[in-house]
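Hi,

Here is the structure I promised to pass on. Have a look at it first, and my notes follow underneath.

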Amino acid sequence: MDEVKQLVTDIKNKNLKPIYFLMGEEPYYIDKISDFIEDNVLLEEEKGFNQMVLYGRDVSIDDIVGNAKRYPMMAERQVVIVKEAQDLSRTIEKLVSYAENPQPTTVLVFNYKYKKIDKRKALYKTLKKTGIVYESKKLYENQVADWIRRVLSPKKYTISPKAAQMLVEFLGTDLSKINNELEKLQIILPSGSQITPEVIEENIGISKDFNNFELRKAIGEKNAVKAHQIINYFAENPKDNPMVVTVSLLFNFFSQLLHFHGLKDKSPRSVASALKVNPYFVNEYITAARNYPMRNVSTIVSVLREFDVKSKGVGSNAVPQGDLLKELLFRILS
């Protein structure tokens, strides 16, 4: 995120490079940087003749280079943006000749999503010398809640830890989807507001009481009544609560709990750091560790591996998801 801010600052200050090669597994920042260049490098009256958007599936490297070598018309520079550039992956190394001597009056942008160019080859090394290579890496699930807070902070919004976790559990690590939901909430809520679980439930449709976060907490507390209520809700709403997601989240929780049991220093700060969780959730692990000794946790991890396979239809095609979840819950709590 800091690297993106620096890139944006440089572009604002007209400290421009002739090539921006934006690549990686996370498309969110690739789109953000590309859109910022598209919107801000040229004046509106300059864009008609000097800004073009190409698509990787429709052009060749020669076509791109031909356009990049043109001189701008009645402007200081031109902008050429290649979207879906990953469709050129088989021939992308042909760009190396242009990258060695790029047109100084052209800003050439590649949106190379979900892939990376080979860092051992000539193109990568050349681009690093003459332009900008930005790699947009996928965030781990435990990093997304912090990302949400950092995105909201400049806009004068805050979010409770539980609300952030609800978004992560419902939307996964897709930053574009999460950002879209956050932007909707910012339209509804005045600046300075806190996004709470109640706000999430009312406006996004994620139940604040019946979700994987609450199921994990109920299981950790060995609150069988609450856990069964949630499982029954999941059984009645299988499309919104796929079993494969529930099993994956429980597997991560008990794997972390196994790690917790092995820690020498169990102070909240040390636990949060070791497990890479928000300090707000540390007490859940402390409570769960009292209820599930290490031997039990090891057994539960094995059970969850078994049900991960079943949740994907192996050996359980005729068994409804709700019945599998109830059986899983029984085996965890027994």
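Let me start with a small detail: the side chain of Ser193 comes to 2.6 Å from the backbone oxygen of Pro190, a polar contact (a pair of N or O atoms within 3.5 Å; within protein, one must be able to donate a hydrogen and the other to accept it, and residues adjacent in sequence count only if both atoms are side-chain atoms).

Before going further, please note that this is a predicted model, where local features need pLDDT of at least 70 and side-chain atom pairs count only at pLDDT 80 or more, while totals for chains, interfaces and linings use all residues. Residues are numbered from 1 along each chain as its sequence is written, and side-chain values use heavy atoms, with hydrogens and water left out.

Back to Ser193: this residue sits in the loop between helix H9 (175–188) and strand E7 (194–195). Helices (H or I, at least four residues) and strands (E, at least two) are DSSP runs, numbered from the N terminus. Ser193 counts as buried because its relative accessibility is 15%; buried means under 20% relative accessible area, exposed over 50% and partly exposed in between, with a 1.4 Å probe and protein chains only. Beyond its neighbours within four places in sequence, Ser193 is in contact (heavy atoms within 4.5 Å) with Lys156, Tyr157 and Thr158.

Ser97, in helix H5 (residues 96–100), counts as exposed because its relative accessibility is 52%. Its C-alpha atom is 39 Å from that of Glu141, 44 residues away along the chain.

On the whole chain: there are 17 helices and seven strands, and the C-alpha atoms fill a box of roughly 75 × 45 × 45 Å along the principal axes. Of the 334 residues, 48% are buried. Among contacts between residues at least 6 apart in sequence, 76% join residues at least 24 apart.

You may like the rings too. The structure holds 10 aromatic pairs (rings of Phe, Tyr and Trp, the latter by its six-membered ring, with centres within 6.5 Å; planes under 30 degrees apart are stacked, over 60 edge-to-face and the rest tilted). One of them is Tyr28 with Tyr29, edge-to-face at 5.0 Å centre to centre and 80° between the planes. Tyr28 is buried at 8% relative accessibility, and Tyr29 is buried at 10%. Phe253 and Phe254 also pair edge-to-face, at 5.3 Å and 75°; Phe253 is buried at 1% and Phe254 at 0%. Together with Tyr285 and Tyr292, these two Phe residues form one aromatic cluster.

Best wishes
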